[in-house]
Amino acid sequence: MPEDNIDHLDFEALKAQAISKPLVTHIYTADPSAHVFNGKIYIYPSHDIDAGDAFDDLGSHFAMEDYHVISMNTPQSEAIDCGLALHVNDVPWASKQMWAPDAAEKDGTYYLFFPAKDQEGIFRIGVATSQSPEGPFVPQAEAIKESFSIDPAVFKDDDGSYYMYFGGIWGGQLQRWRTNAFINEQPESPFAFLPGDNEPALCAKVARLTDDLLQLAEVPKDLVIVDENGQPLLQGDKDRRFFEASWMHKHNGKYYFSYSTGDTHYICYAIGNDPYGPFTYAGRILEPVVGWTSHHSICAFNNRWYLFYHDSILSKGVTHLRSIKVTELVHDENGKIQLIHPYKK
Ligand code: FUB
C-alpha cells in the first residue's frame with residue numbers, strides 16, 4: 001500500500017485492521033534493527049522528522065538528523081525511548097541523512113553502525129561506540145574506510161565472526177559503485193547506472209569486519225540471490241530482486257538473508273548455507289505496508305521469533321513519517337517463513 005495514491009485510504013479502518021500498534025507515538029521511528037542485549041530488547045531505528053524536503057526518488061525527504069534507541073523488556077511490554085543516542089552534528093565526517101542504522105555488541109562495548117552522506121553528498125557508513133546499549137554513542141572521526149551506500153546490518157556468527165551486510169539502490173547510491181569508484185554523473189537521477197532489466201540484479205554487499213569492529217576486513221563481496229534454477233535474479237524481476245534493507249538471521253543452521261524489494265514494497269528472503277551465500281530465493285515475509293518503504297529486522301526472544309517493521313499509519317500515510325511495530329514470525333517445519341499480512345481483511 002505505497003503512497004502513490006493515499007487519498008482513498010481509510011486510515012481509521014486500517015488502524016483497526018493493523019496486526020500491531022506503533023511501539024512509540026511521541027516521535028516517528030522507522031527501519032527498526034532489533035537485538036537482545038543482557039536479556040532485554042534494544043531497537044535501533046531511524047528517527048523520522050519532517051524537515052520540509054519534497055518527496056523525490058532519491059529519498060531527499062528522508063532528512064533525519066539523529067538516533068534514539070528504544071528498549072523493551074519483552075516484545076509485549078511498553079517501549080521506552082532511551083533518549084538522544086547520536087546526532088549528525090557530532091559526526092565529523094557526516095553532513096546529513098542519518099538513515100537506517102544497526103548495532104552490535106562485543107566484549108561489553110556496543111557499536112552503532114549508521115549511514116549518512118559525507119561532505120560530498122556520498123553515502124558512507126560510520127561507527128560509533130558506547131559502554132551502554134542505550135548510548136550515547138561516540139562516533140569515530142572518519143567513516144569506515146572504503147564504505148559506501150546505506151542500510152548496514154551487522155550479524156554475529158556462531159564462531160564469533162561479525163559480517164556487515166549493506167547496500168541500497170536509487171537514493172542509496174549502490175548503482176553508482178558498479179565500477180568500484182563513485183560515478184558522479186547525472187547526480188539527480190536515481191535510475192542512472194542501474195543494470196538493464198535482463199541483466200543480473202545489483203547485489204547487496206557483505207564483508208567481514210575487523211576484530212575491533214571498526215573497519216571492513218575485506219573487499220565487500222556480492223551477495224548473490226538465485227532463483228529455483230540456480231540463476232541470479234534479474235534486475236527486471238522487481239517483485240523479488242534486492243533493493244535495500246538487508247538483514248541476516250540464522251535458524252537451524254541455515255542463513256536467512258531478508259531484504260526489501262523497494263518499489264514493489266515486499267520484504268522477501270533467501271536461504272543459504274554460508275554467510276556469503278549464494279542464497280536461494282525462498283519467498284515473501286511481509287506484504288506491503290502503508291507507506292512507500294518497508295524495512296524490518298528479525299530477532300529471537302525467549303525461543304520465539306519476531307519481525308520488527310514499520311508503517312505510516314500514524315502519520316496518515318506520510319512516507320517519511322513512519323512508526324516501528326513488532327509481530328511474531330514463524331518458521332514452519334520445513335524452515336519456510338509464514339507470510340505476514342500487516343492488516344487483517
Ligand atoms: O529510512 C531511510 C531509508 O528508507 C532507509 O535507509 C531505507 O531502507 C528505507 O527504509
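**Exercise 1. Place H249.**
Task: Is H249 buried or exposed, and which side chain does the side chain of H249 contact?

Solution.
- Step 1. The relative accessibility of H249 is 3%, so this residue counts as buried. The cut-offs are under 20% for buried and over 50% for exposed, with partly exposed in between (1.4 Å probe, protein chains only).
- Step 2. This is a predicted model, in which local features need pLDDT of at least 70, side-chain atom pairs need pLDDT 80 or more, and totals for chains, interfaces and linings take in all residues. Numbering starts from 1 along each chain as its sequence is written, and side-chain values use heavy atoms, without hydrogens or water.
- Step 3. H249 belongs to strand β15, residues 244-251. Strands are DSSP runs of E, at least two residues, numbered from the N terminus.
- Step 4. The side chain of H249 makes a polar contact of 3.0 Å with the side chain of H331. Such a contact is a pair of N or O atoms within 3.5 Å; within protein, one must be able to donate a hydrogen and the other to accept it.

**Exercise 2. Describe the ligand site.**
Task: Which residues surround the ligand, and how much of the ligand does the protein bury?

Solution.
- Step 1. List the shell. Acidic members include D31, D151 and E244. Also there are S46, F62, M64, W99, A100 and T293. H295 and R322 complete the set. A residue belongs if one of its heavy atoms lies within 4 Å of the ligand.
- Step 2. Take the polar distances. An N or O atom in the side chain of D31 is 2.5 Å from a ligand oxygen. For H295, a polar side-chain atom is 2.7 Å from an oxygen of the ligand. R322 also places a polar side-chain atom 2.7 Å from a ligand oxygen.
- Step 3. Turn to area. Alone, the ligand exposes 270 Å², and the protein buries 99% of that. The areas are Shrake-Rupley values with a 1.4 Å probe.

**Exercise 3. Check the backbone.**
Task: Which peptide bonds, one ending at P136 and one at P278, are cis, and where do N180 and N303 lie?

Solution.
- Step 1. Start with G135 to P136. This peptide bond is cis, with omega near 0 degrees. P136 sits in the loop between β8 (123-130) and β9 (138-139).
- Step 2. Go on to G277 and P278. A cis peptide bond joins them, with omega about 5 degrees. The loop that holds P278 runs between β17 (267-272) and β18 (279-286).
- Step 3. Look at phi of N180. The value is near 70 degrees, positive in a residue other than glycine. N180 lies in the loop between β11 (162-166) and β12 (204-208). N180 is exposed because its relative accessibility is 71%.
- Step 4. Repeat for N303. Phi is near 65 degrees, again positive in a residue other than glycine. The loop is the one between β19 (297-301) and β20 (304-311). With a relative accessible area of 82%, N303 is exposed.

**Exercise 4. Set sequence against space.**
Task: How many Å separate the C-alpha atoms of K238 and T261, and of T109 and I125?

Solution.
- Step 1. K238 and T261 are 23 residues apart along the chain, and their C-alpha atoms are separated by 6.7 Å. K238 lies in the loop between β14 (225-226) and β15. At 37% relative accessibility, K238 is partly exposed.
- Step 2. T109 and I125 are 16 residues apart along the chain, with 19 Å between their C-alpha atoms. T109 lies in strand β7, residues 109-118. At 15% relative accessibility, T109 is buried.

Technical notes. Helix = DSSP H or I, 4+ residues; strand = E, 2+ residues; numbered from the N terminus.
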